[in-house]
Protein chains: 2
Amino acid sequence: MARRRGKGSLLSLAIRLSKPGADRGSGEAPLARQLYAAFRAAILEGRLGAGDRLPASRVLAADLGVSRNTALSAIDQLVSEGYLETRRGSGCYVARDLPDASPPDGRSTAPAFVEHPTAPAPVRLSRRGRGLVSTHISAAHAPGRWSPCFAPGLPDSSEFPFGLWARLLARSWRHPQADLVQGGDPAGHPELRRAIADHLRQARGVVCEADQVLVLSGIRQAVDLTCRLLLDPGDKVWLENPCYPGLRAAIAAAAVGIADVPVDGEGMMVTRGIAKAPRAKLACVAPSHQFPLGVVLSLQRRLQLLAWAREARAWILEDDYDSEFRYQGRPLAPLQSLDREGRVIYVGSLSKVLFPSLRVGYLVAPRALIADFRKARAAIDEHPPATPQPALAAFFAEGHLAAHVRRQRKRYAERQARLLDLAARHLAGRLELGADPAGLHLVARPVGALARVADIDVSRQLAAAGIVAPALSNYYVGKQRRDGLLLGYAAVPEAMMEPALKRMAEVLSR
Amino acid sequence: MARRRGKGSLLSLAIRLSKPGADRGSGEAPLARQLYAAFRAAILEGRLGAGDRLPASRVLAADLGVSRNTALSAIDQLVSEGYLETRRGSGCYVARDLPDASPPDGRSTAPAFVEHPTAPAPVRLSRRGRGLVSTHISAAHAPGRWSPCFAPGLPDSSEFPFGLWARLLARSWRHPQADLVQGGDPAGHPELRRAIADHLRQARGVVCEADQVLVLSGIRQAVDLTCRLLLDPGDKVWLENPCYPGLRAAIAAAAVGIADVPVDGEGMMVTRGIAKAPRAKLACVAPSHQFPLGVVLSLQRRLQLLAWAREARAWILEDDYDSEFRYQGRPLAPLQSLDREGRVIYVGSLSKVLFPSLRVGYLVAPRALIADFRKARAAIDEHPPATPQPALAAFFAEGHLAAHVRRQRKRYAERQARLLDLAARHLAGRLELGADPAGLHLVARPVGALARVADIDVSRQLAAAGIVAPALSNYYVGKQRRDGLLLGYAAVPEAMMEPALKRMAEVLSR
């Protein structure tokens, strides 16, 4: 009886083997795996009962039209996984102890594995998970006729020396030292940290040594690490309003509260921050070039901010996201260089300077926090990926970074001038643009009839025509918003700028 | 008077310029920067008062023994940063409005920037920050005479085809497509995701397509992302006891609670988990090869675990950290392939298979969670770094991964056999080792006199002699611990194995 039932089930199993004949040419392995899977499903779904005896492998093979080796291979696997058991001298049986697997809540008496629902589990995200998912920003620039006009924040990677990059990568990995291969330093490759420290000292006046530098994937990881190390859930962070949404997302993901601090012509309004959240634990600020407004934090505000941080025992995260792209004058010295107490955590990224998919950034920790930042980094995620690091160190040390930045700066300055010039010609009376001594985009102010339309609607119309120009008001939270359009120019090829602006003018004159 | 005071202060400034004569050969820039910094410090520290008039640049230059250009450059910067102000026709003054910068709390009437303490700020980490820092695991293998004997978990990277890796890197970056450069997909490079899905289906029987794969930096990032997306602070996670401390650190860093679940010869004791935390939201388990014990989760327990997850609406994180290194038999099919509800999140890493510093791993999301995982990944940290991804895709697709794994598997199997053989010869009566069909280390059980000594003390003695053999009891939490020593063999060169074991025997016979 057991044998008959077993055999009957085996025939139905056989049906599930897809084209055994056709597969046979490519070896036995796929067939054995199919046979294994079919057996397993039959056992789990109760079509083969506990204790059922299997026919001898020879019989089984003949029944199913497979070789005996194939049948044995499948049976071996099923035995080793516990679906089948062998009894000395009497062959192979479906395992008896499976049905006794007591269901966890003791409620049901049916074997747990027999009723196998195939409907997917209902998805319930955590509260913070829902927050995370809702802060997702979809990529603003879909490829198209007018791409990349005028996606903000996009550098021009077309002139990046990828040939050189490929050579540096190959050179650094052909015969790597053991310590490079084994990983190790949670702060990153020592040569790269040295190169970054040298660069920041010379180009930015940051007061730092290599041991203060942590190589990270970018500003978001820096914010995440800082918030987790120094802030508990419920603690407050000052955040500029408007600001880069990625920063807001990273802060929210760290489960801390955000106090939005308005920005005027002198940058973050420190007194408003003090009024709103005097006991905040961290202030996130982009003093050199606020995003998206482009304003510079005045000296008075810098000193105010530092004084507040001292009083409140708070930290300051200085986001110097685009310091390399300054076209006129020298940039202001970073806040970090004014800080004598070690309250400023300085962060930046290489992904805009080199190319966006690189995902390498850095954090300069105050001396007293170095050890803790290293340990926290190691606890969360060991150390930064090694692949790009030695090549980057060489890129810095051999002067390629400085040369590339020089070329890019010249190109972007020309493109900004061209955008201003062409916009004055084609968009006069609709949008007004002012020069910005730094950055990768300009903020256009709607004038005339356009000033009476919501910037979000204007942006939507342009998007429908294939032109990206995000609405400034989208970067704000709360009611106080300024209208405007962000026009990224850095990645726009010379030949495309005028046609794209003409197209914009057409759309805006409808 | 103002002038005299200005001049007097300037003389003291001059003292602070370090060896101006010596520096002059290397150009004027460093001198101008020194001058700028000295002025700034004098203003911030109140040695130059608000409204003080500066001497003419010519006089200043002569006083300080620098060129007029140097003096002008420093003054320009100070003016642009707001420390000095120029008045039409009457020269340059220390800015007047700085002293009026009202101190944030309205308490003090002294200008905020005058009292500039130079003592570092006291460091107060957050509660979770203290947790993070305390879970830090220091690297177990310092370089030395006996390195890498017997650091567990260390693969042998000496035979990795780095020449090939260098070529693949160079090939993939010499003329990259725009979409590779611009970044983009938060889940990772599409070709790599396809290659990983193919590999997992063929080598492991994971039921997945490329769109379910997320490229991450490793298992820790997978745990972090999963905990943040699906669990809130305070929710509970089942964790095997003993387990890999990095996993514990990553879970703790995500601010969720840990329910430690003991492990016996059949793996995680599911009924104990149910008794301890029936409403846990997640179970972290390494069913194929538990770390560090090496046991396999029995079929019965697998079914129990899946049934519990269904009842409790919980998720399972299946950590398949070393599935590639199995020396006997085929590995059990992953839990993920038994899961019809989509409750299992399957995670693995390439860093052991290729080389540790690579930091590339993956997560296979249940279909219903794909979109949420992508968004959460983007919100926290945009997308994985591009540099290694196309080269890895080629490494998989062109069959190099399979070939490398085959070679490594053979080498490691031989090394394990050698370790067993030599240990039986040199350590008999002190340590007993049993074979393990998988993994990179063996657990040695102290016998005889050694069984009466705490494994931590034995491990410490060995460490003092330069041999790494972590104590098994260190991987446990709570009182129920087993004593033992972990002996990693995979990275130990053939010639070193016997001398190192003899050295161990010497130390242990003291």
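Cys208(A) is buried, with a relative accessibility of 3%. The structure is a predicted model, and a search through the whole of it turns up 0 disulfides over all chains. The two chains, A and B, are related by a turn of 180°, and they bury about 10400 Å² between them.

**Cysteines**

- A disulfide is a covalent bond between the sulfur atoms of two cysteines.
- The search of the whole structure gives 0 of these bonds over all chains. Cys208(A) takes part in no disulfide, and its nearest cysteine sulfur belongs to Cys284(A), 19 Å away.
- In chain B, the cysteine sulfur closest to that of Cys284(B) is in Cys227(B), at 6.2 Å. This is too far for a bond, because a disulfide needs the two sulfur atoms within 2.5 Å.
- Cys284(B) has a relative accessibility of 1%, so Cys284(B) counts as buried.

**How the two chains are related**

- Two copies of a chain are related by a rotation about an axis and a shift along it.
- Here, a turn of 180° with a shift of 0.0 Å along the axis lays chain B on chain A, with an RMSD of 0.3 Å. This relation is that of a two-fold axis.
- The residue of chain B that comes closest to the rotation axis is Ala170(B), whose C-alpha lies at 2.9 Å.
- Both copies use the same surface: 99% of the contact residues of chain B recur in chain A.

**The contact between chain A and chain B**

- Chain B contributes 118 residues to the contact, and chain A contributes 118 residues.
- Of the area of about 10400 Å² that the chains bury between them, 56% is on carbon and sulfur atoms.
- There are 8 salt bridges between chain B and chain A. A salt bridge also joins the side chains of Asp224(A) and Arg228(B), with an N to O distance of 3.0 Å.
- Between chain B and chain A, 45 residue pairs are in polar contact, both residues being at pLDDT 80 or more. On the side of chain B that touches chain A, the residues comprise 64 nonpolar, 25 polar and 29 charged.

**Salt bridges across the structure**

- The count over all chains is 54 salt bridges.
- Within chain A, Glu209(A) and Arg201(A) meet through their side chains in a salt bridge of 4.0 Å, N to O. Glu209(A) is partly exposed, at a relative accessible area of 44%. Arg201(A) is also partly exposed, at 29%.
- Asp264(A) pairs with Arg301(A) in a salt bridge, and their closest N and O atoms are 2.8 Å apart.

Technical notes:
Residues numbered from 1 in each chain as written. Chains lettered and ligands numbered in written order. Predicted model: local features only at pLDDT ≥ 70, side-chain atom pairs only at ≥ 80, totals over all residues. Heavy atoms only, no water. Least-squares fit on C-alpha atoms with pLDDT ≥ 70 in both. Contact = heavy atoms within 4.5 Å. Buried < 20%, exposed > 50% of the residue type's maximum accessible area, 1.4 Å probe, protein only. Buried area = accessible area lost by both parts, 1.4 Å probe. Polar contact = N/O pair within 3.5 Å; in protein donor to acceptor, adjacent residues only side chain to side chain. Nonpolar A, V, L, I, M, F, W, Y, C, P; charged D, E, K, R; others polar.
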